[in-house]
Amino acid sequence: MESSPKGAQILIQLVQAGLLPAGNAVLLPARQLLMSLELTVQNLLRALLPTLFVQGTVLSGLFTAFAMRRAEGAVVVVQALQGNGRKATVLVQPGFSLLMIPRGLGVFLMGAALLSLPMTSSANSLVCTLGQLFSAAFTTAFALQGAAVLICAMTARRPGHSAAAGCLAAALYVLFPLALLMTGVSEQFFHYRLRILQSMRKDP
């Protein structure tokens, strides 16, 4: 940007668009505008890195675990009946749609989210970063649970729609994660998937 012949013009356009904090862009030299751009990028990265770190860690670990469980395959349980009869039952590993945050872990994450509110506004950079990590852990975990609820609701009666449900959940996770977050939090109290599975058992 500094060596570009149009660098000053680009910086002024960024200020006019509201992407750089500056009072009068015309009166500011290009060097000061460049320093303002660097500061804005640094603040943005400082705010996003904790969230990206937590999301990358959780997502990679979660889907690696699911891939390993799928590689193990199904389990066949043979039950002996009266006489010489036997009954074989195939137990399939539960998929992502049944992902559930344990109650104790959910309470811990909610407490961490409440604790992160004053921490993220702290002047201490370490305390602020810890608050961002706590908040990211809460939002990531419950947004994933919300995605699992959505996939379960869409595929409970139509298993063939699993690909479409997964694509929709992924799109919502990127574009509108608040909807999945609220769904995941409310799942802890209202147990939507349990109601869905119970209604399927009652239906003939």
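## Quick briefing: surface, core and one salt bridge

The protein chain has an accessible surface of about 13600 Å², and carbon and sulfur atoms account for 67% of that. Keep in mind that this is a predicted model. Of the chain's 204 residues, 25% count as buried. Below is a quick tour, from the overall fold down to a few side chains.

**Overall layout**

- The protein chain holds seven helices and two strands.
- Reading from the N terminus, the order of elements is α-α-β-β-α-α-α-α-α, which puts the two strands after the second helix.
- Take the contacts between residues at least 6 apart in sequence: 56% of them link residues at least 24 apart.

**A nonpolar patch on the surface**

- Val41, Leu44, Leu45, Leu48, Leu49 and Leu52 together make a nonpolar surface patch of about 550 Å².
- One of these patch residues, leucine 48, sits in helix 2, which spans residues 30-72.
- Is leucine 48 buried or exposed? Neither, strictly: its relative accessibility is 40%, so it counts as partly exposed, given that buried means under 20% and exposed means over 50%.

**Glutamine 188 and its surroundings**

- Glutamine 188 belongs to helix 6, residues 177-190.
- This glutamine counts as buried because its relative accessibility is 8%, and the cut-off for buried is under 20%.
- Which side chain does the side chain of glutamine 188 make a polar contact with? That partner is the side chain of glutamine 145, at 3.0 Å.
- Setting aside neighbours within four places in sequence, glutamine 188 touches Met100, Ile101, Pro102, Arg103, Gly106, Met110, Phe142 and Gln145.
- So Gln145 turns up twice for glutamine 188: in the contact list and as the polar partner.

**The salt bridge**

- Side chains of opposite charge can pair when their charged atoms come close.
- How many salt bridges are there? The count comes to one.
- Arginine 193 and glutamate 187 form a salt bridge, with their closest N and O atoms 3.2 Å apart.
- For scale, the salt-bridge cut-off is a nitrogen within 4 Å of a carboxyl oxygen.
- Are these two partners buried or exposed? Arginine 193 has 4% relative accessibility and therefore counts as buried.
- Glutamate 187, at 2% relative accessibility, counts as buried too.

Key
Residues are numbered from 1 along each chain as its sequence is written. This is a predicted model: local features need pLDDT of at least 70, side-chain atom pairs count only at pLDDT 80 or more; totals for chains, interfaces and linings use all residues. Side-chain values use heavy atoms; hydrogens and water are left out. Patches are made of residues with over 30% relative accessible area and no salt bridge: like charges are joined within 9 Å, nonpolar side chains (Val, Leu, Ile, Met, Phe, Trp, Tyr) within 5 Å. Accessible areas come from the Shrake-Rupley method with a 1.4 Å probe; for residues, only the protein chains shown count as cover. A salt bridge is a side-chain nitrogen of Lys or Arg within 4 Å of a carboxyl oxygen of Asp or Glu. Helices (H or I, at least four residues) and strands (E, at least two) are DSSP runs, numbered from the N terminus. Buried means under 20% relative accessible area, exposed over 50%, partly exposed in between (1.4 Å probe, protein chains only). Contact means heavy atoms within 4.5 Å. A polar contact is a pair of N or O atoms within 3.5 Å; within protein, one must be able to donate a hydrogen and the other to accept it, and residues adjacent in sequence count only if both atoms are side-chain atoms.
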